[in-house]
Structures are given as C-alpha cells and as structure tokens.
Amino acid sequence: MSQWKPGQILQLETENYRLRSLTAADATDTYVSWWNDAEVQDGLGQKPRHWGRREALRHIGNFDNRQRFHLGIFPGEEALPIGFIAIFLESAGCAKTNTVIGNKAYWGRRVVLEVRARVLRFLFEDLRVFKVHGQVDGRNFASVFNYKAQGFTCEGVLRQHAVGPDGNRRDLLNFGLLREEWIAAQDQ
Amino acid sequence: MNPDAENAVTARQLLANALHLNVDELESDAAIGRTERWDSLAHMNLILALEQYLGRPLDTDTMLAIESLADITALLRSSE
C-alpha cells in the first residue's frame, strides 16, 4: 500500500524507476523539450507544441494530486526524469492514463510496462479503481504493443477520428483493463 | 519453393530483422509475451517493415491482429 494522502505528492517505486508527482521545479528545459520534439509528439498524434517554460508550468499546475496526477519517471537516483505518466480519476470508478517517454535512449527498454504495472497496482489496490483505460493513436505501434502486452483489450476503434502530424486522418484506439482481469493476471 | 513456404520464410526474415536476430535464432512459436526480444520498439519496426514489404499501410484491425510469427505468415498469405 502507498502512504499517499489526497493532495500530497505521490511517490511510487519500481525495480528500476521512481515515480513522483512533478512540481514547478520540474519544468526544466528537458521537460519542455519533450513537448516540442516531433518524434515524441508524433507518438501522441500531435505536432510539436512550441512550448516554453510558461506553458510547461501551466500544464504541471493542472494536476492536483487528488483526481489528476502527473508523475515523472526517474531512473534510479537520477534527478532528471526520462518521461511521465499522467493519471486522471474519472467517474464510476474509472481511471485514464497516458505515458510519454521523452528520453529516446529509453525507448524499447520496457519502461512503460514496468512503470505502468506499478501505477496499475496503485489504482486497483490502493484506490480501488474498477477499470483503467487509455487512448492511443492507431499509428503508435509501440504504444499498441505495450497495451496488449500488459493485458489491455482494444475495446473500440474510433475510425479516422483524428488528424496526425502528417495531415492524414488516423484511427484512435481505446484500450481498457478491468480490475478483475488485472487480478486474474496477477494470480497467473 | 511453393507460395506458402515462401511466405513462411519471408515472415521469419521480417520478424528476425525487427528483433535483431538471425533467422535461425527465431523460434517457430515466436509471439508477443513469449519472445523476450519482441518489445515495443521491435513491434514498431515489424509493422513498418510489413507495410514496406506489402507496399501499403496496414489497416487497424490487421495491425491489431499481429501477435505471433504465425499471424505474420497468415497476413502475407492473405495479401497475395
């Protein structure tokens, strides 16, 4: 069980990473750069945002550590995060998450699987959430892999629902994982 | 070589390349969750390689169905 109380900084740990609620002090040049990086934003189906520190501060300020969490992913004892995972608690016991690995040196290193597994445990065990879901650009094959590898089900395809950075229309995929499915997977 | 055998060889080659393995290192039952090197980056490279080989983007349902070497072989067979 986590020692977290609503409104407090949330901290979680995995074997290789620490997760911590980002604060204004984390609006570094590195963090800002992820929002302006074409490859990173392409994974979100977005164009580079042309953000500065002000936009980054505003974004981080949107997360209250009650219903909305913006957790930096820190390898070991390193001070700079390599990405983040956002959590949004919704009505009816559902939670939405999305994960961004901004440091490309960590792409393909199973970071998402490791940190999201810890977040799932926090959501299902500590917060007693009923369902976790996420939405992914249909051309983000790496993210699709991660959802499937973690036992999520593709619950629906929103056909040509978005416009990608290349100007072409793209499908959006909704993935979901029920608590009972997560528990069954833990028992295996 | 008959078309089925050719598709099987091509599927093995495409997956082995994506996983950075030699073809003879690839197990015949390679699949997501079973094959250690089949990670997110390898999966992305695999789908892009399949699209390049077939000369067209994969539709979402087809992309979602690719979870094993057998699925890749079946896709190549159905695309003839």
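How many Å should the 16 residues of H4(A) span at 1.5 Å a residue, and how far apart are its end C-alpha atoms? The expected span is 22 Å and the end C-alpha atoms are 22 Å apart, so the two agree. Bear in mind that this is a predicted model.

## Helix H4 and what it packs on

Helix H4 of chain A covers residues 111–126 and packs on the sheet. Its contacts there are with S1, S2, S3, strand S4 (83–89), strand S5 (94–101) and strand S6 (131–137) of chain A. Relative to S5(A), the direction of H4(A) makes an angle of about 155 degrees.

The buried residues of H4(A) include Val111(A), Val112(A), Val115(A) and Val119(A). Leu120(A), Phe122(A), Leu123(A) and Phe124(A) are buried too, and there is also an arginine among the buried residues, Arg116(A). As background, an α-helix has 3.6 residues a turn, so residues three or four places apart point the same way. Just past the end of H4(A) sits Arg128(A), with a positive phi of about 55 degrees.

## The sheet as a whole

Chain A has an open sheet of eight strands, and walking across it gives S1-S2-S3-S4-S5-S6-S8-S7, with mixed pairing. The edges belong to S1 (11–13) and S7 of chain A; each has a single partner strand, so one side of each has no neighbour in the sheet. On average, neighbouring strands are turned by 25 degrees against each other, direction ignored.

## The S1, S2 and S3 end

S1(A) and S2(A) make a hairpin with three residues between them. They run antiparallel and are joined by three bridges, and Glu13(A) sits opposite Arg18(A) of S2(A). On to the next pair: S2 (residues 17–21) and S3 (residues 68–75) of chain A also run antiparallel, with five bridges between them. Here Arg18(A) has Phe74(A) of S3(A) as its bridge partner, and Ser21(A) stands opposite Leu71(A) of S3(A).

Which side chains of S2(A) are buried? Tyr17(A), Leu19(A) and Ser21(A) are, and they point to one face. Arg18(A) and Arg20(A) point to the other face and are not buried. That fits the usual picture, since in a regular strand the side chains alternate between the two faces of the sheet.

## S5, S6 and S8

S5(A) and S6(A) run parallel, joined by three bridges; one pairing puts Cys94(A) with Lys131(A) of S6(A). Add H4(A) to these two strands and you have a right-handed β-α-β unit.

On to S6(A) and S8(A), which pair in the antiparallel sense over seven bridges, with Asp137(A) opposite Leu172(A) of S8(A). Five of the seven residues of S6(A) are buried, so S6(A) is largely enclosed by the rest of the structure. H5(A) lies across S6 and S8 of chain A, at about 160 degrees to S6(A).

## Where chain A meets chain B

The contact between the chains takes 15 residues from chain A and twelve residues from chain B. On the chain A side, helix H5 (141–149), strand S7 (153–163) and strand S8 (169–178) each supply at least two residues. H5(A) gives the largest share, six residues. By type, the chain A side divides into nine nonpolar, three polar and three charged residues.

How values were computed. Residues numbered from 1 in each chain as written. Chains lettered and ligands numbered in written order. Predicted model: local features only at pLDDT ≥ 70, side-chain atom pairs only at ≥ 80, totals over all residues. Contact = placed C-beta atoms within 7 Å. Helix = DSSP H or I, 4+ residues; strand = E, 2+ residues; numbered from the N terminus. Nonpolar A, V, L, I, M, F, W, Y, C, P; charged D, E, K, R; others polar. Pairing = 2+ DSSP bridges. Axes fitted to C-alpha atoms, helices over the stretch in contact; angles between N-to-C directions. Buried ≥ 20, exposed ≤ 12 C-beta atoms within 10 Å, placed from the backbone. Right-handed = clockwise from strand over helix to strand, strands pointing away. Expected span 1.5 Å × (residues − 1).
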